[in-house]
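Student: Could you take me closely through a single sheet of this model, strand by strand, and then set it beside the other parts that have been described? I would like one connected account rather than a list.

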Amino acid sequence: MDKMSEEIIRMEGISKEFPGVKALSDVSFILKRGEVHGLVGENGAGKSTLIKILMGIYPKDKGEIFIEGEKVEITNPIQSREYGLRAVYQDITLAPHLSVEENFFLGRLPTKRLIIDWATVNRVTSDTLKELDLDIDPRKKLKELTLAQREMVTIAKIIHEKARVIIFDEPTALLGEEEVKQLFEIIYKLKSEGTSVIYISHRLEEIFSICDTVTVLRDGKLIGTFPLADVDEGRLVSVMVGRDLKDIYSIKHQKSQEIVLEVKNLTKEPKFRGINLQLHKGEILGMFGLVGSGRTDVVRCLFGADKYDTGEIIINGEKKEIRSPIDGINAGIGLLPEDRKMQGLALPLSIMANINMVVYDQISTLGVMNRKEERKRTEKYLSELKIKTPSMLQKVEKLSGGNQQKVVISKWLNAQSNIFIFDEATFGVDVGAKLEIYRIFEKLISSGASIIWVSSYLPELMGLADRILVMHEGRCAAIVNNGEATEEDILKLASGLSIATKTGN
Amino acid sequence: MEEIGKKGLKKFIKASPRVGGNILVIYVIFFLLLSIFVKGFLTSGNLSNLVRQTSINGVVALGMTFVIIAAGIDLSVGSVIGFAGIVAAVLMVRSGLSPFLSVIIAIIIGTLIGILNGMLVFDGKVPPFIATLGTMTVFRGATMLVSGAQMVSGMPDAFLNLAQIDILGLPSLFIVWLIVMIISAFILNMTRFGRNVYAIGSNQEAARLSGINIRLNIYAIYGLAALMSSIAGIMLVSRLANGIPTGGSGYELDAIAASVIGGASLNGGEGSILGTVLGAMLMSTLRQGGDLLGINPFILQMLVGALIVAAVLIDQNRKRKQ
């Protein structure tokens, strides 16, 4: 019989809801033996959720999973290992203080009469690494390796464990060109040995060079599964994004000619280099790029959260040295970081404390807080931004994602910021709260503020930003005006592909 | 011949940070300076006094090292020393049990306190600092209760002699430390349990997903620390010839300091037996050397404090350079 047609995994009618978000609805997915199956979709399309359900990390709400035709219930990660499923995640799960060889055998070190058999450990590890052409010293501690090497170790380890199905989730985000080639070699080899691979990637050129089949998800729904021979890149991109949301994104643009922020040649190796941009008063400047493109690193440097190597930052015509968050705050910049739970909010503290944290020196005399002023300011923002809470003393950790986001915005409004940097402002908030955040953007720009908005969700950037800066591997690939590029163009720019220019060459 | 010697030395120095060798270099220099400049330091009487004094702290520090490598902390070791010591003393003096049986019972009870710590930490999800702060206070109270806050004296000579005799010219307390040292190094480097301790401290989630039984390992780690503290408690009672209700107070901080000076990281995943041994030796050598030099004891205390911070600063600096 034809080995390719044999089904290894069949997921049927999978649905999953998180509070406020329908992450997956009625998605089906079939993986065959020896197949490399691409899984694509925009951020938030449900790819990771689907994989996490398969791996037993999230429970599913509805649906069935079959492995080699047999119905299974996978309720924890250890169980999925027993079925021979392995995943290489973006966040690598190895022990950094231990050697490569010890990590290889983590939890199952071979022993001879109670004593660990280090000779076997070393031999098997070096053999496996050699077989995969990896030049890594098995005695080295993991934390002494580069991130790319660590990932290759994870991959080598999984291959050594002889999995039935291997899932790669954005495996090339940390890898250099040479390592990507090695990874592809490894995948070809796995395929020839009958192992099935699920390959998740934003980089469509990779999908085309390695996959046999591709499944497209959008907004938690299955759009379709296609043999790669039947689709071209343009078609795939339009299937991934194809949707019209113009009505949600109606906004009164306020961009003026006045430049409030100018960045010249900003560089921080190895994250990004030679970034130039101008931000106008009342403008929303979008920033788009794939994971690892350096967009977050750029905005963190603008605020002073990280230090840049070289370059100039000019605010309202005046050159500023921004070396710490205090410099950023004093220059009128507010950063709403990507992971607001970790960096933007003090979760166990009250709304009042969070909103006033940045202005404590303004509303205190000789170190004694003016409680009345504190309360007054909190009340103002609660009503202005419609923060839903039983009390201003409510702990922020008890609020919904959208309301937490509003508390961070209040904090910076309170600090009299006029340049707001939003890093993934709408990530993980439900549609209703998203719309409210868009309204807040509109309010901010109509009051004369300017916004830099980093987002991975292209439709909202296309809908709301005046211009979009597209980053690719630490460089500015292009700055496009609203309406002058298609989603397809921007995705191509962000993947490092060139787009057909108007002059037609 | 010389060539090989040189190569070996180079290799050792290169590998030394991993086995706590930074501190070895510091200790050797320090020891040589004291030997040259301080009269009466390099005498067999003084040296045997030095190791005898370090031995009890040293045994406790070895147990602490296991806990710290696993990214935990155990503040209760001082109280376990006191409690195990008093239990042994009371059993011998008031119940008239044989020294052997009394010691065994005291060590078992002490070890159970450690397993209780492990349960609080793993099953109760109480942060180790708080869990062991609690048991530390509870068992200091229990020690007072059992002894009636009185010294317990009148133990059989057979027991009291344990701490006084020399074996092969070495003080018996030092022999105990040496044995615990060798067993600890063996466990930590050569057995699965030892490597699990590092894995748990380095990345507990990775360890769990690799199928390591976190619960049993945590019980064993805290149990081991308490076992060693109980042994130290017995050593202390024998050496002082009295069961003292406040015995062992403050030992937890010395034990933490010795581990940290020896290169253990409170974030877990790092630490070694040799490092901890040298850390303990460095602290007591500094104390004794200062004593012989006639340095004001309060100033000496300040120096020991500075040493702890300096050791960690140097270590952080080395890591940043890497």
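Tutor: In this predicted model, 4 strands of chain A form an open sheet in the order S2-S1-S4-S5, and the pairing is antiparallel. Strand S2 (21–32) and strand S5 (70–72) of chain A stand at the edges, and because each has a single partner strand, one side of each is left without a neighbour in the sheet. On average, neighbouring strands of this sheet are turned by 25° against each other, with direction ignored. Within the sheet, strand S1 (residues 7–18) and strand S4 (residues 62–67) of chain A pair in the antiparallel sense over 5 bridges, and in this pairing Glu12(A) stands opposite Glu64(A) in S4(A). Helix H1 (residues 47–54) of chain A packs on the sheet, where it touches S1, S2 and S4 of chain A, and the direction of H1(A) makes about 115° with that of S1(A).

Another sheet of chain A can be set beside this one: 6 strands form an open sheet in the order S18-S21-S22-S15-S23-S24, and here the pairing is mixed. Its edge strands are strand S18 (333–336) and strand S24 (475–481) of chain A, each of which pairs on one side only, while neighbouring strands are turned by 15° against each other on average, direction again ignored. At one of these edges, S18(A) and strand S21 (residues 419–423) of chain A pair in the parallel sense over 4 bridges, with Leu335(A) standing opposite Ile421(A) in S21(A). Helix H17 (residues 487–494) of chain A lies across strand S15 (284–289), strand S23 (467–472) and S24 of chain A, and runs at about 35° to S23(A).

There remains the contact with the partner chain, which takes 24 residues from chain A and 20 residues from chain B. The area buried between chain A and chain B is about 1900 Å², and carbon and sulfur atoms give 56% of that area. Across this interface there are 2 salt bridges, including the one in which the side chains of Lys143(A) and Glu270(B) meet at 3.6 Å, N to O, and 6 residue pairs are in polar contact. On the side of chain A that touches chain B, the elements giving two or more residues are helix H2 (77–82) and strand S8 (115–116) of chain A, and H2(A) gives the most, with 3 residues. The residues of that side of chain A divide into 13 nonpolar, 4 polar and 7 charged.

Note on methods. Residues are numbered from 1 along each chain as its sequence is written. Chains are lettered from A and ligands numbered from 1 in the order in which they are written. This is a predicted model: local features need pLDDT of at least 70, side-chain atom pairs count only at pLDDT 80 or more; totals for chains, interfaces and linings use all residues. Side-chain values use heavy atoms; hydrogens and water are left out. Contact means heavy atoms within 4.5 Å. Buried area is the accessible area (1.4 Å probe) that two parts lose on being put together, summed over both. A salt bridge is a side-chain nitrogen of Lys or Arg within 4 Å of a carboxyl oxygen of Asp or Glu. A polar contact is a pair of N or O atoms within 3.5 Å; within protein, one must be able to donate a hydrogen and the other to accept it, and residues adjacent in sequence count only if both atoms are side-chain atoms. Ala, Val, Leu, Ile, Met, Phe, Trp, Tyr, Cys and Pro count as nonpolar, Asp, Glu, Lys and Arg as charged, and the others, Gly among them, as polar. Two strands pair if DSSP finds at least two bridges between them. Axes are lines fitted to C-alpha atoms, for helices over the stretch in contact, and angles run from 0 to 180 degrees between N-to-C directions.
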